[in-house]
Amino acid sequence: MLETLALQQTRTVVEMLQSIGSSSGTSGVGGGMVLLMDPQLSGAVSLSADAATLRSVGVERVVNIQDPIELSSLQAFTPVFVVRPVVDLSRRIAQLLADSQNPPVAHVLFVPRRSLVCERVFADASVVHRLAIAELHLDLIVLDPDVLSLELHDSSFRDLYLNKDPSLLYSTSKALMKVQALHGIIPKILTKGPNAHALATLMLRMRKELDISAAVSSDSNFSTSTSAATAVSPTVDFSTASTLSPQPTPSSPFRVFPPKCDIDSIIILDRSVDFVTPLCMELTYEGLIDEFFGIKTTFVQVNEAYILAPQSLQQNSNAPQKQAPIQPASGPARTKKVALNASTDKLYSQLRDMNFAMVASAISQTARKIQEDVDGRRDAKTISQIKDFIGKIGGIEGEKAYLKLHTSIAEEISKNTQDPAFKKFLELQQNILSGNVMASQTDYIEELIDKQAPISQTLRLMCLYSVVCGGFKPKIFEFLKREFVQTYGIEHLQTLENLQRASLLFPTPGTGGAFEGSIAGGVVGASNTGKASFSAIRKPLQVIVDDIDEAKPTDIAYVYSGYAPVSVRLIEAATSTGRFSSKPLGAASSIGSLAGTGVGLGGATMGKTSGLIGSTGNQNISVAAGGGSPSGVGSGKKGGKARDKLGGGVTWEGLEEILNAVPGGSTAEIEQTLPDPNFVSRNDSGKKVTLVLFLGGCTSTEISSLRFLSRGKGRQFLTMTTSTITGNRMIDSLVEVIEKGRSE
């Protein structure tokens with residue numbers, strides 16, 4: 001389903017580089033552009049345009065912007081900087097221009113949009129006249145056929161929960177508009193959490209403004225499809241999307257979006273709804289790769305010895321050749337970047353969602369199969385049999401290369417999982433999640449501090465204990481803070497303050513946290529006025545499952561060997577899938593509506609609701625569905641018909657008690673009027689599609705859990721996230737780093 005979006009991203013990169021080549025006289029294969037790449041964007045560009053595609057539009061070299069380089073040595077080329085709108089990177093560009101004598105005119109492509117602050121840096125350095133500045137709208141990357149990411153990396157969590165920066169909501173809303181420009185509007189919206197509520201409100205406002213704009217300009221010479229594309233993003237070629245379905249007719253309510261609904265519903269979850277899951281140690285194969293190696297936009301740095309055939313594995317990687325290698329678990333070594341691509345690497349596709357306990361046997365089976373294929377040459381007697389075997393040689397060699405790669409990675413992970421410190425962390429994690437709180441757990445945290453264990457490991461365990469158990473006892477909390485600062489340094493007083501402001505580390509009673517007290521969300525005035533705790537949802541959501549068959553799992557709890565992610569359990573309950581497939585829906589509920597903006601399709605106006613932004617918390621907003629009469633979501637005959645059209649399994653109805661125990665308010669929005677129920681499309685297997693959006697990042701295990709649910713009956717899940725995170729990356733984003741003479 002996401003192939004159209006992936007093609008659109010490729011077109012975005014190609015057309016931008018072609019326009020630069022044309023203006024500089026360097027277009028075509030013989031051209032001369034050099035991309036000076038922000039290393040954080042190299043993976044996104046690689047996924048959007050492979051090396052062959054870049055060469056076809058005139059790119060000769062790709063260089064890390066942080067590498068030593070003289071722009072004056074690039075006189076024969078056109079330098080193109082591809083960077084995020086970050087002040088430090090702008091200073092780096094200004095420095096390169098200032099240090100070079102007679103540098104060529106350079107192009108700066110800000111991803112995903114330009115920044116006035118960065119442009120001011122250029123102006124202050126008096127280099128703005130040497131630059132041509134533009135935007136490259138790589139704001140949504142297709143990581144997998146079922147995964148979309150804004151790839152904001154570690155900044156998204158800090159920006160949203162510490163800096164209270166709402167710009168992330170704007171970027172995410174624009175990305176959602178791009179999805180709808182290609183796949184049709186999403187008629188049903190469910191949200192959980194204050195930031196999720198604010199995002200849905202912003203997106204509905206954008207849809208309304210786009211609808212009004214299209215109505216005003218309906219008599220102009222521009223087609224409605226072109227207007228939609230331009231309003232959503234200057235780089236969206238809507239003509240391609242329009243060919244996928246019939247053109248809107250004058251009587252169609254779809255003025256600006258294609259007349260279809262490929263995605264029938266979206267569930268937006270604020271990360272503050274479930275801080276527990278990212279703090280837990282991931283136990284799937286892909287999750288542990290991310291924990292120990294770090295996956296960046298599907299690429300990972302591994303020991304060079306892991307690679308049997310570098311040419312076949314380093315496919316389409318146009319990243320800088322000289323990068324600062326990460327420190328692999330085995331120690332300093334030469335590393336190379338490889339792509340973890342499930343579409344070409346069948347072994348990885350088989351292994352990635354497995355619990356790691358099952359990986360060794362799966363690799364062993366693959367090794368035996370390859371050996372059997374190799375031994376098949378002895379049975380080749382006739383010319384045709386020999387010819388058939390020769391045709392298989394290339395595939396066998398590729399399988400052997402991937403087998404060596406994953407055998408080496410699994411072996412390295414196994415060394416880490418056999419470490420006593422890892423086993424102890426896992427033991428404490430399981431006990432804390434199960435409610436077996438003991439004094440020895442805080443004693444072990446004190447031991448970690450005294451041993452000067454890695455700071456992220458220590459803080460991760462402290463935060464997990466705090467979030468699950470409702471905080472530390474005040475005396476223990478103050479003692480641990482004092483020990484932590486004395487061991488790791490006075491600068492980490494600010495780190496502890498950051499964690500407390502983000503509701504990850506706090507004392508009891510009543511001082512606030514992820515499951516108790518106020519929520520430190522990204523929405524001004526948003527608060528959680530009710531008392532809630534992890535223990536209150538442990539049984540209703542069945543997040544702890546004792547009988548887990550990791551070889552043949554029947555529940556999403558296999559991803560953590562007994563713990564089911566709270567976020568995915570909520571999705572199960574809302575969509576009546578998995579463990580909640582037989583959940584009886586309650587009568588009309590009080591779950592609220594975002595409909596205050598009056599957004600509708602073709603004049604179908606939603607009812608009015610007050611307090612659209614900031615009126616979240618555990619008190620649900622009263623609904624006003626279709627016609628403005630207060631009622632439950634989809635209640636009454638009209639609401640029942642809407643549920644039938646929209647795949648009524650997606651609802652918060654009947655879950656009020658559970659939702660009140662989880663932080664953040666719950667809202668629901670239904671676009672009531674659809675001219676034809678056939679507009680709600682299904683995928684190739686006949687399933688309706690739900691998009692799940694994680695604000696603040698999601699883990700690999702949550703993606704694996706959603707894939708597990710998609711293998712069931714009735715519904716497919718697509719995952720969209722601001723970034724892919726682990727517990728360590730989430731903690732590290734809040735750790736205060738003090739450089740010499742400078743704090744950042």
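This passage describes strands, selected residues and internal spaces in a predicted model.

Strand β14 spans residues 688-695 and is mostly covered. Eight of its eight residues are buried. Burial extends to both faces of the strand. On one side lie Lys688, Thr690, Val692 and Phe694, and on the other Val689, Leu691, Leu693 and Leu695. Strand β14 is joined to β9 by six bridges, and the two run parallel. Seven bridges join β14 to β15, which covers residues 715-721. This pairing is also parallel. Leu693 of β14 stands opposite Ile268. Leu693 also stands opposite Met720 in β15.

Ser265 lies in strand β9, which covers residues 265-270. Its relative accessible area is 0%. Ser265 therefore counts as buried, the cut-off being under 20%. Two polar contacts involve the side chain of Ser265. One is with the side chain of Asp264, at 3.2 Å. Another is with the side chain of Thr690, at 2.8 Å. Thr690 is itself among the buried residues of β14. Beyond four places in sequence, Ser265 touches Ile186, Lys188, Val650, Val689, Thr690, Leu691 and Arg715. Of these, Val689, Thr690 and Leu691 are buried residues of β14.

A separate sheet is built from three strands. The sheet is open, with the order β10-β11-β12 and antiparallel pairing. Strands β10 and β12 stand at the edges, and each has a single partner strand, so one side of each is left without a neighbour in the sheet. Strand β12 covers residues 335-339. Strand β11 covers residues 299-303 and is joined to β12 by five bridges. The two strands run antiparallel. Phe299 has Ala339 of β12 as its bridge partner.

Arg707 lies in helix α26, which spans residues 700-710. The relative accessible area of Arg707 is 8%. Arg707 is therefore buried, again by the cut-off of under 20%. Neighbours within four places in sequence aside, Arg707 is in contact with Asp144, Asp146, Val147, Glu286, Arg352 and Asp353.

The second largest pocket has a volume of about 680 Å³. Its lining comprises 24 residues. Glu291, Phe292, Asn416, Ser456 and Asn728 lie nearest the pocket centre. Several elements each supply at least two lining residues. Among the helices are α12 (285-292), α16 (383-417) and α17 (420-434). Helices α19 (455-469) and α27 (727-732) also contribute at this level. Strand β10 (295-296) does so too. This strand is also an edge strand of the open sheet. The pocket lining is mixed in character, with nine nonpolar, seven polar and eight charged residues.

Enclosed space was also examined. Rolling a probe the size of a water molecule over the atoms shows where empty space is left. The structure holds four cavities of 30 Å³ or more. The second largest cavity contains about 50 Å³ of space. Val13, Leu17, Leu35, Val45, Leu54, Val82, Leu109 and Leu136 form its lining. These eight residues are nonpolar, and the lining includes no polar and no charged residues. The lining of the second largest pocket, by contrast, includes seven polar and eight charged residues.

Technical notes. Residues are numbered from 1 along each chain as its sequence is written. This is a predicted model: local features need pLDDT of at least 70, side-chain atom pairs count only at pLDDT 80 or more; totals for chains, interfaces and linings use all residues. Side-chain values use heavy atoms; hydrogens and water are left out. On a 1 Å grid over the protein atoms alone, a cavity is a set of points where a 1.4 Å probe fits but cannot get out, and a pocket is an open set with protein on both sides within 12 Å along at least five of seven lines; lining residues have an atom within 4 Å of a point. Grid points are joined across faces, edges and corners, and a volume is the space filled by probe spheres set on the points. Helices (H or I, at least four residues) and strands (E, at least two) are DSSP runs, numbered from the N terminus. Ala, Val, Leu, Ile, Met, Phe, Trp, Tyr, Cys and Pro count as nonpolar, Asp, Glu, Lys and Arg as charged, and the others, Gly among them, as polar. Buried means under 20% relative accessible area, exposed over 50%, partly exposed in between (1.4 Å probe, protein chains only). A polar contact is a pair of N or O atoms within 3.5 Å; within protein, one must be able to donate a hydrogen and the other to accept it, and residues adjacent in sequence count only if both atoms are side-chain atoms. Contact means heavy atoms within 4.5 Å. Two strands pair if DSSP finds at least two bridges between them.
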